[in-house]
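Student: Hey, I've got a new structure to look at and no idea where to begin. Can you walk me through it?

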Amino acid sequence: RDTMESYKSMFLKYMDSKDIKYTELDEFGVGIVVGGENIDAIRVLVIFEEDGSPALQLRSSNFVGFSGKEIRGIITCNKINNDLRWVKFCLDSHGDIVATMDTYFDGASCGEECINLIKRFVRIIDATYPTFAQAFWS
């Protein structure tokens with residue numbers, strides 16, 4: 001793998017070719033902002049595996065806060081995690097909901113496949129937002 005192009009590099013080239021804006025964070029991480037129907041901007045951290053394997057983790061920024069209502073947040077995360085697959089929701093140490101997804105991809109089509117995974121990730125987060133908002137305000 002040392003002599004081959006890294007998956008992160010392939011991903012960045014693909015995004016450049018599609019004029020997708022991103023922020024290069026470090027050797028393995030990339031930040032990207034994607035909009036949804038319920039949430040204007042979801043920040044997604046794309047973390048490629050350090051060992052060079054065709055795997056990555058997607059992690060969202062916090063997209064709804066449950067500070068002061070953490071129990072409601074945990075109960076809602078548990079319900080959504082039981083109902084959905086692909087994405088895991090949890091309450092962080094600040095009382096905010098974040099989402100993660102660990103996945104493998106086909107190395108040959110890294111760029112396109114990673115963008116499709118990000119779109120799926122964001123669609124799922126965006127679709128759950130009304131449930132989290134209703135739980136917070138109820």
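Tutor: Let's go from the overall fold down to single residues. This is a predicted model, where local features need pLDDT of at least 70, side-chain atom pairs count only at pLDDT 80 or more, and totals for chains, interfaces and linings use all residues. Residues are numbered from 1 along each chain as its sequence is written, and side-chain values use heavy atoms, with hydrogens and water left out.

Student: OK, how many helices and strands does the protein chain have?

Tutor: There are 3 helices and 7 strands. Helices (H or I, at least four residues) and strands (E, at least two) are DSSP runs, numbered from the N terminus. Along the sequence the pattern goes α-β-β-β-β-β-α-β-β-α.

Student: And what does the C-alpha trace span along its principal axes?

Tutor: About 55 × 30 × 25 Å. The radius of gyration is 16 Å, which agrees with the value near 14 Å that a compact globule of 138 residues would have. That radius is taken over C-alpha atoms, and the globule rule is 2.2 Å times the number of residues to the power 0.38.

Student: How much of the protein chain is buried?

Tutor: Of the 138 residues, 41% count as buried. Buried means under 20% relative accessible area, exposed means over 50%, and partly exposed is in between (1.4 Å probe, protein chains only). The chain exposes about 8100 Å², and carbon and sulfur atoms supply 49% of that. Accessible areas come from the Shrake-Rupley method with a 1.4 Å probe, and for residues only the protein chains shown count as cover.

Student: Let's pick a residue. Where is Ile39, and is it buried or exposed?

Tutor: Ile39 is in the loop between strand E2 (29-34) and strand E3 (42-48). Ile39 counts as buried because its relative accessibility is 10%.

Student: Which residues does Ile39 contact?

Tutor: Leaving aside neighbours within four places in sequence, Ile39 is in contact with Phe63, Ile125, Asp126 and Tyr129. Contact here means heavy atoms within 4.5 Å. Ile39 and Asp126 are 87 residues apart in sequence, yet their C-alpha atoms are 6.1 Å apart in space.

Student: What share of the contacts links residues 24 or more positions apart?

Tutor: Such pairs account for 55% of the contacts with a separation of 6 or more.

Student: Switching to helix H2. What does Thr76 touch there?

Tutor: Thr76 touches Thr131, Phe132 and Ala135, not counting residues up to four places away in sequence. Thr76 counts as buried because its relative accessibility is 8%. Ile75, also placed in helix H2 (residues 70-83), counts as exposed because its value is 54%.

Student: What is Ile75 part of on the surface?

Tutor: A nonpolar patch of about 300 Å², made by Ile71, Ile74 and Ile75. Patches are made of residues with over 30% relative accessible area and no salt bridge: like charges are joined within 9 Å, and nonpolar side chains (Val, Leu, Ile, Met, Phe, Trp, Tyr) within 5 Å.

Student: How many salt bridges are there?

Tutor: The count comes to 2 salt bridges, each one being a side-chain nitrogen of Lys or Arg within 4 Å of a carboxyl oxygen of Asp or Glu. Lys8 pairs with Glu24, with the closest N and O atoms 2.8 Å apart. Lys8 lies in helix H1 and Glu24 in strand E1, so this pair ties together parts that are 16 residues apart in sequence. Asp83 pairs with Lys79, and there the closest N and O atoms are 2.6 Å apart. Asp83 and Lys79 both lie in helix H2, 4 residues apart, about one turn of the helix.

Student: Why can side chains pair up like that?

Tutor: Opposite charges can pair when the charged atoms come close.

Student: And how many disulfides does the structure hold?

Tutor: It holds 0 disulfides, a disulfide being a pair of cysteine sulfur atoms within 2.5 Å. For Cys90, the nearest cysteine sulfur is that of Cys77, 6.5 Å away. For Cys110, the nearest is that of Cys114, at 4.0 Å. Cys110 is buried because its relative accessible area is 1%.

Student: Last one: what is the phi of Asp19?

Tutor: Asp19 has a positive phi of about 55°, although it is not a glycine. Asp19 sits in the loop between helix H1 (7-17) and strand E1 (23-24).
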